Amino acid sequence: MKDEIFKKELNKQFEFDKSVASVFDDMVSRSVPFYTQNLKLISELLYHFMPANAKICDLGCSTANLLLALFEKRKDFCLSGVDEARAMLEIAKSKSKAFGAKIDFFEKNLDEFDFFKNDAFIATYTLQFIRPPKRQELIDKIYKNLNENGMFVLSEKILYEDAIIANKMIQIYEQYKLEQGYTKLEISSKRQALENVLIPYTQNENITMLKKAGFSKIESVFKWVNFETFIAFK
């Protein structure tokens with residue numbers, strides 16, 4: 001379904017409810033620059049870095065787009081996904097069944113999730129929705145539950161420290177959304193709904209969190225304006 005949720009102003013904060021879940025795949029592909037290409041990149045990275053029968057957990061898996069890409073890439077992966085939005089997981093399970101993919105799904109808030117050992121954790125545009133006081137604790141749990149030489153993939157919307165650069169980047173991103181067919185009203189309404197819900201960090205703040213958790217090898221592998229993907233190794 002086409003994302004037309006913000007055709008009119010909404011008088012509530014953004015949430016991943018049934019209405020969002022029903023259009024999520026269209027929304028994310030038009031709202032996140034190079035979304036499909038970034039998922040492909042992450043799949044390639046895990047394909048090359050992960051050992052046989054690697055256990056991989058997607059934190060905030062939404063409708064399982066990345067998990068299904070990983071399933072198609074390597075059938076030996078042991079895949080799991082966590083999301084607190086039931087409507088998202090219902091679609092994820094339906095898609096996984098259609099693909100014949102065996103994926104374990106957990107309907108849990110990440111604050112309450114019982115982490116278990118994995119060779120890789122993934123968080124694509126997830127941490128930005130976690131309240132800032134809770135983020136370091138979550139990164140610490142991810143590091144603790146990675147197997148030796150394990151890998152963490154983090155994709156986030158980012159801020160720029162310089163105000164002039166930040167403003168220009170916002171303008172470029174808004175132009176991108178206009179080119180995807182969104183109107184200025186839709187862009188404004190969504191920005192208002194996401195205020196204090198999606199709270200991005202700077203590149204340095206994200207790297208600092210990773211280092212504080214214990215990650216020593218950290219690299220930026222993708223960046224477009226205010227979207228960036230990092231990989232970190234235990």
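1. Radius of gyration here is taken over C-alpha atoms, and the globule rule is 2.2 Å times the number of residues to the power 0.38. For the 234 residues of this chain, a compact globule would come out near 17 Å; the chain has 17 Å, so the two agree. Bear in mind as you read on that this is a predicted model.

2. Some overall numbers next. The C-alpha trace spans about 50 × 40 × 30 Å along its principal axes. DSSP-style bookkeeping gives 8 helices and 8 strands in the chain. Buried residues account for 51% of the 234. If you take contacts between residues at least 6 apart in sequence, 73% of them join residues at least 24 apart.

3. On surface and charge: the chain exposes about 11,800 Å², with carbon and sulfur atoms supplying 52% of that area. There are 34 positive and 33 negative charges, and their mean positions are 1 Å apart.

4. Have a look at the hairpin made by strand 7 and strand 8, which has 2 residues between the strands. Strand 7 covers residues 217-224, strand 8 covers residues 227-233, and the two run antiparallel with 7 bridges joining them. To get the register by eye, start from E219, which stands opposite I231 in strand 8. In the turn, V225 has a positive phi of about 50°.

5. T124 and Y125 deserve to be read together. T124 sits in strand 4 (residues 118-124), while Y125 belongs to the loop between strand 4 and helix 5 (132-144). Are they buried or exposed? T124 has 12% relative accessibility, and because the cut-off for buried is under 20%, it counts as buried. Y125, at 10%, counts as buried too. Outside its neighbours within four places in sequence, T124 is in contact with I42, D58, L66 and S155. As for backbone geometry, Y125 is not a glycine, yet its phi is positive, at about 55°.

6. N149 is another non-glycine residue with a positive phi, near 70°. This one lies in strand 5 (residues 146-159). Its relative accessible area is 59%, so N149 is exposed.

7. Moving to helix 5, Q136 is one of its residues. What does Q136 touch beyond its neighbours within four places in sequence? The contacts are M209, K212 and A213. Q136 has 17% relative accessibility, which means that this glutamine counts as buried.

8. Last stop, A52, in the loop between helix 2 (35-49) and strand 1 (55-59). A52 is exposed, because its relative accessible area is 61% and the cut-off for exposed is over 50%. Not counting residues up to four places away in sequence, A52 touches R74 and D76. If you want a distance to check in your viewer, try A52 to I218: they are 166 residues apart in sequence and 23 Å apart in space, C-alpha to C-alpha.

How values were computed
Residues numbered from 1 in each chain as written. Predicted model: local features only at pLDDT ≥ 70, side-chain atom pairs only at ≥ 80, totals over all residues. Heavy atoms only, no water. Pairing = 2+ DSSP bridges. Helix = DSSP H or I, 4+ residues; strand = E, 2+ residues; numbered from the N terminus. Buried < 20%, exposed > 50% of the residue type's maximum accessible area, 1.4 Å probe, protein only. Contact = heavy atoms within 4.5 Å. Areas by Shrake-Rupley, 256 points an atom, 1.4 Å probe, with all protein chains shown as cover. Lys, Arg positive; Asp, Glu negative; His and termini not counted. Charge placed at Lys NZ, Arg CZ, Asp CG, Glu CD.
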